[in-house]
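Trainee: I want to test the labels on this model. Can we set each value against its rule?

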Amino acid sequence: MTSRVVVPSCTALTCTAAGCAAALVAWNNVVLPAMDLGPRGRAAANAGFGVALAAATRAAGVSAAELGWRRAGQGLRWGTVSAALPVAAYTVMLAVPPVRRRMAAGARRADHTEWVFVHIPFGTVLAEELLFRSVLYALARRASRRWHRVLTSVAFGLWHVVPARRAGDSVPGTVVLTALSGVVFDELRRRTGSVVAPMLLHLAINAGGAVAVGIATMPRR
């Protein structure tokens, strides 16, 4: 008697990808807020969730290459070049007095150093890139090589609904902006085959912005 290999249908793959996207959006907008954690707790929970889901997806049979865990060298090269762009932009912004004053309008966070070196790299960048450009990207690409980036980008935008509301930012504007940034991150992921490239760009945008605001709020001598 010969054994038969069961290949998941396109419908099953689509449902898996869509279910993963819905779970990610629910995590950041429903589950995590319900935990009522502080900034440090949210960063730890997000990082743990990202690592755990990525490990579970790998254990379920998704290859390391599909998850973007190969070709780190190419990802590093592309990511470094891409990261230079926001760093240069923040440098120019700080050099323009009206822009610098606008950046300094908000209060400096009491945990600014921890925010830059811990919360952003691990609670934001590591977690979100593992979840979106690694796990969801791989599952969505299995379901559709044509439309997978639409799902990942839309889900990435919706991931930011509650954080935008908590920060007092425009929710529609934040969703659109982060969805568009997701398109850029996904393109880096596609071109390099590595999750390292979007990680570095994401880190430069978020941490670089935080550092720039910190510099802008420092009193001048």
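Mentor: Start with Glu129. This is a predicted model, and in it Glu129 has a relative accessible area of 0%.

Trainee: What makes Glu129 count as buried?

Mentor: Buried means under 20% relative accessible area. Glu129 has 0%, so Glu129 is buried. Its place is in helix H5, residues 112-143.

Trainee: Which residues does Glu129 touch, not counting those up to four places away in sequence?

Mentor: Thr124, Ser134, Phe185, Val195, Pro198, Met199 and His202. Contact here means heavy atoms within 4.5 Å.

Trainee: Now the cysteines. Why is Cys15 called exposed?

Mentor: Exposed means over 50% relative accessible area. Cys15 has 52%, so the label is exposed.

Trainee: And what makes Cys20 buried?

Mentor: The value for Cys20 is 11%. The limit for buried is under 20%. Therefore Cys20 is buried.

Trainee: How do you know that Cys20 has no bond to the closest cysteine sulfur?

Mentor: A disulfide needs sulfur atoms within 2.5 Å. The closest cysteine sulfur to that of Cys20 is in Cys15, 13 Å away, so the pair is too far apart for a bond. The count by this rule is 0 disulfides.

Trainee: How do you know that the span of helix H3 agrees with its residue count?

Mentor: Take 1.5 Å times one less than the number of residues. H3 covers residues 72-95, 24 residues, so the expected span is 34 Å. The end C-alpha atoms are 34 Å apart, which agrees.

Trainee: Which residues of H3 are buried?

Mentor: Gly75, Gly79, Ser82, Ala83, Pro86, Tyr90 and Leu94. They pack against helix H4 (97-103), helix H8 (171-192) and helix H9 (196-217).

Trainee: Why does spacing along a helix matter for direction?

Mentor: An α-helix has 3.6 residues a turn, so residues three or four places apart point the same way.

Trainee: Which residues have the most contacts inside the largest nonpolar core?

Mentor: Leu24, Phe132 and Leu136, in a core of 34 residues. H5 supplies the largest share, 12 residues. Leu24 touches Phe49, Leu53, Leu131, Phe132, Leu136 and Trp159, leaving out residues up to four places away in sequence. Another core, of 5 residues, lies apart; Leu94, Met103, Ala212 and Ala216 are among them.

Trainee: Where does Arg70 lie?

Mentor: In the loop between helix H2 (39-59) and H3. Beyond its neighbours within four places in sequence, Arg70 is in contact with Ala64, Ala65, Gly193 and Ser194.

Note on methods. Residues numbered from 1 in each chain as written. Predicted model: local features only at pLDDT ≥ 70, side-chain atom pairs only at ≥ 80, totals over all residues. Heavy atoms only, no water. Helix = DSSP H or I, 4+ residues; strand = E, 2+ residues; numbered from the N terminus. Buried < 20%, exposed > 50% of the residue type's maximum accessible area, 1.4 Å probe, protein only. Core = buried A, V, L, I, M, F, W, Y, C linked by side-chain atoms within 4.5 Å.
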